[in-house]
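Biologist: Before we look at any labels, could you take me through the reasoning behind them, one step at a time?
Modeller: Gladly, and we can set each value beside the rule that it has to meet.

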Amino acid sequence: MWYNNAVVIKLTTTDSEGIMKKLLLFTIVTLLALLIISCTVSQEETILNHKESQEPIKTNTEASAEESEKTIISSDSINPDSIIYLGAFLLPDDGETEDEMFSYGGEGMCFNPESSSLFITGHNWFADVAEITIPELVISKNTSELNKAEIIQGLTDIKGSLFEGWSMEIPRAGLEIVGDNLFFCYGQHFEEEVELGTHGYTDLRLGEAGKVCIVGYKRYTSNDYMFSIPQNYIELFGGADLFTGRFRDGGWGGMGPSLYAVKSTDIINAQQNENISAMLIIGYDDSYNGDEGYKMNGYSHADSWTGGAFVSCDAGDAIIFAGTHGYGETWYGFSNGVVYPISGDENEKVPEVPPYPHDERGWWNDDFRACIAFYSAEEAVKSFNGETMPYEVQPYAFLDLSEYMILDRDETAMQYLGATAYDYEKNRLYVLELFADGDRPVVHVFTFE
């Protein structure tokens, strides 16, 4: 408008027709030059953004917050700052034998709305399932001040002989209730040569399951955490009412947590070892062909995402994963920094195993933290509809839960959190802190407001 007004003023001035024509010509040339520059800059920015979108996401565990800021956040997503800590409680006392212990357990957990209780797995060698009460919550880091849950149904083997071919020394387990059925999944640490079912169901009285089916097209991606999809989202996910997935350290299943949408009725109606329909919602490249593929923002090979929930409340909606998140440098070897070769070169020197307590070999980080990763429910729906790729669904925030943890851990601890459960009616998130009460987990409880 400034240029147009100036031109009109000069055209109505009769002092000098030559000056007027020159000014008009100068103005037109200037406007054209500005337009060309603007288009060129815009085109360069478009090309740059397109190139960036095609490049694999780089590993940078120190840039989690920075990367998360680039992720689109729905206005309906939960703000992590809305979390409120309600307190904690202890699991029941162990029995006399290992299959009666909650020690070394906590792989699977879910909320039972029928009796306002929790189903939870015990000692990992068995991963049997018990039902326990939820006592009054206490905010304290002194376990002697926390109330203790009571047993409603004792630890029970719901698997029967369905997983006899699996090694349960380092198992994975997931539990969730839909209707009157308790759905479960089990997995083992190494699955390279195993072709067995992963998911099944039983009744709430913990009867022995009669069959299992297979969920997921890829090993290490489906058989750990399980959680239900809220009623108002079931139609948006094509009738699926369950999410299930897994994360395997080292990126063997994918460099970030995986998530499938399945129908509980398909699990019920499946034949033994039938591979049922499952839609991949979140999934990243695995590390078998190197570490340069698509990965979770802030990813570390030493991560351990062990639980999940679809939180839906007045504060918003979010798909969350709870676990241990690594920051800083990552290496495979021992906690004191000794690196163990993984190149496969037989001529590469293998170091001696360090003395205790640094003798556990695995993936390590400079800094481990108990953490929750928040994903947008809206972005998950877009992935289901094919509007985005599963690897494009990224966390919009990471929440450090360290201030709520009971145990002060040193550099020899690599796993902080276990399973999670969510109560939709009371908007309560239950998170297990591993080894916080001797060898037993402690249950922490949060809400969102």
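Modeller: Let us begin with a rule: a residue is buried under 20% relative accessible area, exposed over 50%, and partly exposed in between. Please keep in mind that this is a predicted model.

Biologist: Why is Lys148 called partly exposed?
Modeller: The relative accessible area of Lys148 is 36%, and partly exposed is the class in between under 20% and over 50%, so Lys148 counts as partly exposed. Asp93 belongs to that class as well, because its relative accessible area is 47%.

Biologist: How do you know that Lys148 forms a salt bridge with Asp93?
Modeller: The rule asks for a side-chain nitrogen of Lys or Arg within 4 Å of a carboxyl oxygen of Asp or Glu. In this pair the closest N and O atoms are 2.5 Å apart, so by that cut-off the pair is a salt bridge. It links distant parts of the chain, with Lys148 in the loop between β4 (129–132) and β5 (151–156) and Asp93 in the loop between β1 and β2, 55 residues apart. Asp93 and Lys148 are also linked with Asp437 and Arg440 in a network of salt bridges.

Biologist: What makes the pair of Asp128 and Lys159 a tie between separate parts of the sequence?
Modeller: Asp128 lies in the loop between β3 (117–121) and β4, while Lys159 lies in the loop between β5 and β6 (172–178), so their pairing ties together parts that are 31 residues apart in sequence. Their side chains meet in a salt bridge at 3.5 Å, N to O, and both Asp128 and Lys159 are buried.

Biologist: Why are Glu378 and Lys382 said to be separated by about one helical turn?
Modeller: They are 4 residues apart in helix α6 (residues 377–384), which means a separation of about one helical turn. Glu378 forms a salt bridge with Lys382, the closest N and O atoms being 3.8 Å apart, a value that is within 4 Å.

Biologist: What makes Cys110 count as buried?
Modeller: Its relative accessibility is 1%, and buried means under 20%, so Cys110 is buried. Cys371 is buried too, because its relative accessible area is 0%. The structure holds 0 disulfides.

Biologist: Why does Glu98 count as partly exposed?
Modeller: Glu98 has 36% relative accessibility, so it counts as partly exposed. Glu98 is found in the loop between β1 (83–90) and β2 (109–112), and it gathers with Glu96, Asp99 and Glu100 in a patch of negative charge on the surface.

Definitions and conventions:
Residues numbered from 1 in each chain as written. Predicted model: local features only at pLDDT ≥ 70, side-chain atom pairs only at ≥ 80, totals over all residues. Heavy atoms only, no water. Patch = residues over 30% accessible without salt bridge, like charges linked within 9 Å, V, L, I, M, F, W, Y side chains within 5 Å. Areas by Shrake-Rupley, 256 points an atom, 1.4 Å probe, with all protein chains shown as cover. Lys, Arg positive; Asp, Glu negative; His and termini not counted. Charge placed at Lys NZ, Arg CZ, Asp CG, Glu CD. Helix = DSSP H or I, 4+ residues; strand = E, 2+ residues; numbered from the N terminus. Buried < 20%, exposed > 50% of the residue type's maximum accessible area, 1.4 Å probe, protein only. Disulfide = S-S within 2.5 Å.
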